[in-house]
Structures are given as C-alpha cells and as structure tokens.
Amino acid sequence: MFVIEDIKNSKWANAEHTSVECEVKFEGVDDYLPFGACVNGDQYAHTKEIFDRAASGEFGDVSEFVPIPEPLMPDQNQPTVDGAQTL
C-alpha cells in the first residue's frame, strides 16, 4: 500500500471536476511524482484517496480547469503562401 505524505499543485483536469492532476509525495520516494486521479478511482485504493483528499482541499485549493484553446484555423482574410514566388 502506498502512503501519501503530501499533495501539491492540484488542478482540475476537466470542467466537470471529476478528475484532478497533482504532484504526490509518497512515503519512501524522494521526489514528488505527477499523478492523475478521477472521482471513480480505479482498482487502486491510493488513487481514490488522492482524488478525495486533493478535491476536499486538504492540501490547498484546487486550481480551476483551463481548457486548451482550439487551434487557429486559417481565415480567408489571412495571407497565405499560395502563389508565393521564389528567387
């Protein structure tokens, strides 16, 4: 069983707040490890525990989810390289 010593840098991984990304310090491990956990957990008890403890704010506020912007699509009014001349 993994013993959780600390959780930091928690942020929601989706707008529904059903998944969280964070860094976890486990007992016996020197460094914090990136970790993702969801409300439903998985087969491991420590995953559910990490979600519950992080989501409850036990280790500080959980940063809001920030969606990745959609890629900009070329606009009809933007210049293109079509028809460019080379020397």
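1. Start with His 46. Setting aside neighbours within four places in sequence, His 46 is in contact with Phe 2, Ile 4, Phe 26 and Phe 35. His 46 sits in helix 1. The residue counts as buried, at 12% relative accessibility. Note that the model is predicted, and local features need pLDDT of at least 70.

2. The contact with Phe 2 spans a long stretch of sequence. His 46 and Phe 2 are 44 residues apart along the chain. Their C-alpha atoms are separated by 6.4 Å. Ile 4, another contact of His 46, stands opposite Phe 26 in strand 2. Phe 35, also touched by His 46, is the bridge partner in strand 3 of Cys 22.

3. Now the overall layout. The protein chain has one helix and three strands. Along the sequence the pattern reads β-β-β-α. Helix 1 covers residues 45-55. Strand 1 covers residues 4-12 and strand 2 residues 19-26. Strand 3 is 33-38.

4. The sheet is open, and its three strands come in the order 1-2-3. The pairing is antiparallel. Strand 1 and strand 3 stand at the edges with a single partner strand each, so one side of each lacks a neighbour in the sheet. From one strand to the next, the twist averages 35°.

5. The pairings in detail. Strand 1 and strand 2 are joined in the antiparallel sense by six bridges. Strand 2 and strand 3 also run antiparallel, joined by six bridges. In a regular strand, side chains alternate between the two faces of the sheet.

6. Where does helix 1 lie relative to the strands? Helix 1 lies across strand 1, strand 2 and strand 3. Against strand 1, helix 1 runs at about 65°. The contacts of His 46 in helix 1 should be read with this placement in view.

7. Check the first hairpin. Strand 1 and strand 2 form a hairpin with six residues between them. His 17 lies in the loop between these two strands. Phi of His 17 is near 60°, a positive value in a residue other than glycine. At 29% relative accessibility, His 17 counts as partly exposed.

8. A second positive phi belongs to Asn 9. Its phi is near 55°, again in a residue other than glycine. Asn 9 is placed in strand 1, whereas His 17 is in a loop.

9. Turn to the charged pairs. The structure holds five salt bridges. Side chains of opposite charge can pair when their charged atoms come close. One of the five links Lys 11 with Glu 21, with the closest N and O atoms 3.7 Å apart. This pair links distant parts of the chain, ten residues apart: Lys 11 is in strand 1, Glu 21 in strand 2. The cut-off for a salt bridge is 4 Å, so the 3.7 Å pair qualifies. Lys 11 is partly exposed, with a relative accessible area of 40%. Glu 21 is partly exposed too, at 36%.

10. Helix 1 has a salt bridge of its own. Asp 52 and Lys 48 meet at 3.0 Å, N to O. Both lie in helix 1, four residues apart, about one turn of the helix. Asp 52 counts as partly exposed at 35% relative accessibility. Lys 48 is partly exposed, with a relative accessible area of 34%.

11. Which residues are joined into one network by shared salt-bridge partners? They are Glu 49, Arg 53 and Glu 58. Within this network, Glu 58 forms a salt bridge with Arg 53, the closest N and O atoms being 2.8 Å apart. Glu 58 is partly exposed, at 45% relative accessibility.

12. Last, the chain totals. The protein chain has 87 residues, and 23% of them count as buried. His 46 is one of the residues that count as buried. Of the contacts between residues at least 6 apart in sequence, 37% join residues at least 24 apart. The chain exposes about 6,800 Å², and carbon and sulfur atoms supply 52% of that area.

How values were computed. Residues are numbered from 1 along each chain as its sequence is written. This is a predicted model: local features need pLDDT of at least 70, side-chain atom pairs count only at pLDDT 80 or more; totals for chains, interfaces and linings use all residues. Side-chain values use heavy atoms; hydrogens and water are left out. A salt bridge is a side-chain nitrogen of Lys or Arg within 4 Å of a carboxyl oxygen of Asp or Glu. Buried means under 20% relative accessible area, exposed over 50%, partly exposed in between (1.4 Å probe, protein chains only). Contact means heavy atoms within 4.5 Å. Accessible areas come from the Shrake-Rupley method with a 1.4 Å probe; for residues, only the protein chains shown count as cover. Two strands pair if DSSP finds at least two bridges between them. Axes are lines fitted to C-alpha atoms, for helices over the stretch in contact, and angles run from 0 to 180 degrees between N-to-C directions.
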